[in-house]
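Here is a short, friendly tour of a protein model, written for someone at the bench. Keep the structure open beside you as you read.

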Amino acid sequence: MSGIAGFFHPEENYLAFQEYYENLLEDMGKTLSKRGPDGTGAFLTNHCGMVRTAFSPSKKETLYGSARISTENRLLALAFDGELYNKEELETLVKGDLSQSYDALSEADILAEGFYKFGPDFIQNVNGVFGAALFDREKNTLFLIRDRLGVKPLFYTVADGTLIFASEPKGILAYPGIQPALDLDGLNQVFTIGPARTPGCGIFKDFKEVLPGCMVYMSPEGINTSCYWKLESRPHKDSYVETVEKTSFLIQDAVKRQMSGGKSMCSFLSGGIDSSLVSSICARELKKQNKQLTTYSFDFKDSEKHFKANAFQPSLDKPFVEKMVAYLDSDHHFLECTTEGQADLLYSSVDAHDLPNMGDVDSSLQCFCSQVTKNHQIALTGECADEIFGGYPWFHKESMMAVHAFPWSSDLEARKVLLSDDFAHSLNMEDYAAQTYEASLAQVPALEGESSADARRRQIAFLNLKWFMQTLLNRMDRAGSQTGLAARVPFADYRIVEYLWNVPWDMKAREGIVKGLLRDSAAGLLPDDILWRRKSPYPKTYDLSYEALLASRLREILCDTSSPLHAFLDKEKTDRFLKKPSDYGRPWYGQLMAAPQMIAYMIQLDYWMRKYKISVTI
């Protein structure tokens, strides 16, 4: 985990004002210090400046994500945020012709040597997560490259011919003359689509994000984008037994590859099949070394007292966690978050994202990560299994499959409940959502001869990978980054995603069992109670005092005539909303975001617009 930022102009001479631009790089780096508190390194040449803030679990090599290759005729400089999970294979590939000698090759060294020897196509050999900036002086070109699934972020904008980039928008906002603004598209992203984001959209006017599996490159000829990885649809030829075997191997291999970190590594354990499987594989590998796995579970204070079972959250996690702890013999820690704690962290969560986000679903995760990082710097999680194995209700319920809209966010009326009629009308929310949805469907790689039902599930799977999973990956990255925790996501290994993409639905949900393929692939690694547990998502509080606290804070905001929310909300609608009992089982986004999360989202929106001094231009 680290942060990168910088700028490039093919005709500027930054060295003519070297001190000024070195100070600018330092300022940009400071904005990303949460992503890398252990050290900073900068690079400046005529046309390009880059800075990297480093996080080093070992505390030994604080700038291992920076590399430079300089020969008589060529200069290559790299700033790297991420991790390589096939480092040994890549090292073997590049060692045949090293341009300079090293006592030990860092991940950045390997990437730089690979680019030097093979060019940008070398990235196709990489199994890992990353946002990288590569400057090639000979070609006078800057490359911005992002991993296949978008686990690591990388934003950019172009102003007066200068390409400015950073791991987070705050790094770009540190560049002189860049002002945060929202146009009509940005407002729709916040109110119609949010907390999701259209792939590649940076919310702020003229801000973009490098698409997963793509590279953006700028040279004297201009700026272009190329994609080095895309999903491809083809017939699945493996038998069910072979599919189970390959799936099991891929999952176990992904977990094992991501287990580096020694004593600083732990795992999250919710008691659900996803995190339990990851933890089980970790525990077995560590036991071979006579080591014990440390696990963490998260919940809310007095959850047993306030919990209300519903269709989305049928059971508490704790009893299942206790069963897994006994099965794993792990060193387990039960962590809690208070009502006030998750409410207070709503603001820090905006600081981490530079955007309003999933409200307390984000802030509570940040609370948990902050407790884990007191003892561990790396955590393996079970995130993303539902997207690739079809664990969400919209994969199974005919009524949800039939909705011609994003299945996690199909009820736009629920999004208008606080908005003034005039503002909602100005957004033209229905048309915007429909156009965005259709544009996404147009990108789905179809499979010729597939039944209409299977084709529809392929569409939903694609939308989940490109939209819903990205929101959760962003949440995991920012919560970890803000607290100094490197969160790893083995299920987001691109090899698993590629393979599962073409496995037919009747195998993924064999005999109608939700995530049946995953359960069969995990046989022998989990106790039956866990293996066949019904899905229960990330926990949230059901304490009514939490909603009362949020309602009080939103009322205070609306009593302040300087609040930017007055331009968007209807005061009478909001008053009625804050007085009536909440429907905790009817989310307006995903499975968790109901009435309290709507209030939290508005509190975040107010804080965001004030702190970043955002102007609105429509």
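## A sheet, its helices and its cysteines

In S15, tyrosine 296 is the bridge partner of phenylalanine 268. Please keep in mind that this is a predicted model. Strand S14 (residues 265–268) and strand S15 (residues 294–300) pair through two bridges, in the parallel sense.

These strands belong to a wider sheet. The sheet is open, has five strands in the order S16-S15-S14-S17-S18, and its pairing is parallel. At the edges stand strand S16 (331–337) and strand S18 (486–488); each has a single partner strand, so one side of each is left without a neighbour in the sheet. From one strand to the next, the twist averages 30 degrees.

Helices lie across this sheet too. Helix H9 (residues 318–328) lies across S15 and S16 and runs at about 160 degrees to S16. Helix H11 (residues 360–372) lies across S14, S15 and S16, at about 140 degrees to S16.

Now for the cysteines. How many disulfides does a search of the whole structure find? The search finds one. The bond joins cysteine 214 to cysteine 227, with an S to S distance of 2.2 Å. The link of cysteine 214 and cysteine 227 is right-handed, with 70 degrees about the S-S bond. Cysteine 214 sits in strand S12 (residues 214–219) and cysteine 227 in strand S13 (residues 222–227), 13 residues apart.

Here is how accessible four of the cysteines are:

| Cysteine | Relative accessibility | Class |
|---|---|---|
| Cysteine 214 | 2% | buried |
| Cysteine 227 | 40% | partly exposed |
| Cysteine 266 | 0% | buried |
| Cysteine 337 | 1% | buried |

Cysteine 266 is in no disulfide, and the nearest cysteine sulfur, that of cysteine 369, is 9.3 Å away. Cysteine 337 is in no disulfide either: the nearest cysteine sulfur, that of cysteine 367, is 3.4 Å away, and a disulfide needs the sulfur atoms within 2.5 Å.

Last, a pair of helices. Helix H16 (residues 429–441) and helix H17 (residues 452–483) pack with their axes 10 Å apart, at an angle of about 105 degrees. H16 and H17 are therefore roughly perpendicular to each other. H16 brings Thr436, Tyr437, Ser440 and Leu441 to the contact, while H17 brings Arg456, Gln459, Phe462, Leu463 and Trp467. By class, the contact of H16 with H17 has five nonpolar residues, three polar and one charged.

Key
Residues are numbered from 1 along each chain as its sequence is written. This is a predicted model: local features need pLDDT of at least 70, side-chain atom pairs count only at pLDDT 80 or more; totals for chains, interfaces and linings use all residues. Side-chain values use heavy atoms; hydrogens and water are left out. Axes are lines fitted to C-alpha atoms, for helices over the stretch in contact, and angles run from 0 to 180 degrees between N-to-C directions. Helices (H or I, at least four residues) and strands (E, at least two) are DSSP runs, numbered from the N terminus. Angles under 35 degrees count as roughly parallel, over 145 as roughly antiparallel, 65 to 115 as roughly perpendicular and the rest as oblique. Contact means heavy atoms within 4.5 Å. Ala, Val, Leu, Ile, Met, Phe, Trp, Tyr, Cys and Pro count as nonpolar, Asp, Glu, Lys and Arg as charged, and the others, Gly among them, as polar. Buried means under 20% relative accessible area, exposed over 50%, partly exposed in between (1.4 Å probe, protein chains only). Two strands pair if DSSP finds at least two bridges between them.
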